[in-house]
Amino acid sequence: MTEGPRICDYGDSTYRQDFWEGQGRDYEDAVERRVLQKVLPASGFRLLEVGAGFGRITNEYQMFRQVILLDYSLEQLQYARAKYGDDGFLYVAADAYRMPFWPGVFDAATMIRVIHHFENFPAVIRQVRQALADDSSFILEFANKRNLKAMLRHLFGLNDWNPYALEPIEFVDLNFNFHPEYVEREVAKIGFETRRVVPVSWFRLGLLKRALPLRLLACLDSMLQRSRLAISPSIFLELRLPGAPGKRAVSSSADPLDILRCPQSGTPLRRDGDVLLSESGTRWGIRDGVYDFRRALD
Ligand SMILES: C[S@@+](CC[C@H](N)C(=O)[O-])C[C@H]1O[C@@H](n2cnc3c(N)ncnc32)[C@H](O)[C@@H]1O
């Protein structure tokens, strides 16, 4: 068997406590939520959140009847499940390079603060594309390598990499920043149309965040978002998968087995207690309500 791309495994890491809770990032969290409300469709049936983590922003998807949280970390998903419960939510522990979904079962997808962990980002986008129905929307956030700070550092010779070069930069093991033109080019190759480019999080400076009220910073950020100047540290893309309107193939079934399939063989699954059996004989576990497709059972 050939080895796939490396995975940044959060496992039972303390990402929530170390990065978000009480860590001075209320501004980043607030502006991301505001942007999501601007770029998400007004209503929809089933949304896929890729790399949902502990469900930090999952409560922004209330316009959808069903939300599927996919993440490689079982522990982050268990935390999310304890918070959101099972009514309208489904928790899937899986590798984003091998998603366990039937084609065309979602009418929207989001991926926020995740692609910096993908050494083969187009391969994941192809998986998202396959899981989406025609005429769907996909909100993709990425860390921008051509940001103002990197440009200034480059000007003064302080960077050992070029922010204007299109290829991704791996600044720490399995942590990449992307050039906006590279991302737009790659998503276009896979069939997505870019509807909007929203530059976000302009004021990521501890001094500013401490000195100015969050609401003021968020308002100023909204104003700069309209500039379309793609030189902020974070960029949101509002993408659309074209298709004939009205041709949506999203079924309204709430049965997880109408959404999930075996990621190895692509065959249907049947449930036996806390085990999912594929037609090809592979067995997958359900652990505390989380459908676990990371490793097949023996
Ligand atoms: C920085 S966190 C972001 C979480 C969430 N989107 C947020 O904004 O709070 C990145 C998440 O991507 C997940 N991840 C990384 N590589 C993955 C992969 N190959 N498949 C599925 N999830 C992955 C990690 O487990 C982690 O929860």
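Trainee: What volume does the second largest cavity have?
Mentor: The volume of the second largest cavity is about 30 Å³. Please keep in mind that this is a predicted model.

Trainee: Which residues line the second largest cavity?
Mentor: Its lining consists of Met99, Phe101, Gln127, Gln130, Ala131 and Arg261. By class, three of these residues are nonpolar, two are polar and one is charged.

Trainee: How many cavities of 30 Å³ or more does the structure hold?
Mentor: There are two cavities of that volume or more.

Trainee: And how much space lies in the largest cavity?
Mentor: The largest cavity encloses about 410 Å³.

Trainee: Which residues lie nearest the centre of the largest cavity?
Mentor: Gly51, Gly53, Asp71, Val114 and His117 lie nearest the centre, out of 28 residues in the lining. The elements that contribute two or more residues to this lining are α1 (15-20), β1 (44-50) and β2 (64-71).

Trainee: How do the residues of that lining divide by class?
Mentor: The lining of the largest cavity has 17 nonpolar, five polar and six charged residues.

Trainee: Let us turn to the ligand. Where does the ligand sit?
Mentor: The ligand occupies the largest cavity.

Trainee: Which residues come nearest to the ligand?
Mentor: Of the 18 residues around the ligand, the nearest are Gly51, Arg56, Asp71, Ala96 and Ile112. Gly51 and Asp71 are also among the residues nearest the centre of the largest cavity.

Trainee: What is the make-up of the shell around the ligand by class?
Mentor: The shell comprises eleven nonpolar, three polar and four charged residues.

Trainee: How far is a backbone N or O atom of Gly51 from a nitrogen atom of the ligand?
Mentor: The distance between these two atoms is 2.7 Å. A polar backbone atom of Tyr72 also lies 3.2 Å from a nitrogen atom of the ligand.

Trainee: What about the side chain of Asp95?
Mentor: An N or O atom in the side chain of Asp95 is 2.9 Å from a nitrogen atom of the ligand.

Trainee: How much of the ligand's accessible area does the protein cover?
Mentor: On its own, the ligand has 600 Å² of accessible area, and the protein covers 99% of that area.

Trainee: Changing topic to pockets, how much space lies in the largest pocket?
Mentor: The largest pocket holds about 900 Å³ of space. Its lining has 32 residues, and Asn147, Lys149, Asn177, Arg204 and Pro233 are the closest to its centre.

Trainee: Which elements give two or more residues to the lining of the largest pocket?
Mentor: They are α1, β5 (132-143), α5 (148-155) and β7 (175-177). The largest share comes from α5, with five residues.

Trainee: And how does the lining of the largest pocket divide by class?
Mentor: There are 17 nonpolar, ten polar and five charged residues in the lining of the largest pocket.

Conventions. Residues are numbered from 1 along each chain as its sequence is written. This is a predicted model: local features need pLDDT of at least 70, side-chain atom pairs count only at pLDDT 80 or more; totals for chains, interfaces and linings use all residues. Side-chain values use heavy atoms; hydrogens and water are left out. A residue is near a molecule or strand if one of its heavy atoms lies within 4 Å of it. A polar contact is a pair of N or O atoms within 3.5 Å; within protein, one must be able to donate a hydrogen and the other to accept it, and residues adjacent in sequence count only if both atoms are side-chain atoms. Accessible areas come from the Shrake-Rupley method with a 1.4 Å probe; for residues, only the protein chains shown count as cover. On a 1 Å grid over the protein atoms alone, a cavity is a set of points where a 1.4 Å probe fits but cannot get out, and a pocket is an open set with protein on both sides within 12 Å along at least five of seven lines; lining residues have an atom within 4 Å of a point. A molecule sits in a cavity or pocket if more than half of its atoms lie within 2 Å of its grid points. Ala, Val, Leu, Ile, Met, Phe, Trp, Tyr, Cys and Pro count as nonpolar, Asp, Glu, Lys and Arg as charged, and the others, Gly among them, as polar. Grid points are joined across faces, edges and corners, and a volume is the space filled by probe spheres set on the points. Helices (H or I, at least four residues) and strands (E, at least two) are DSSP runs, numbered from the N terminus.
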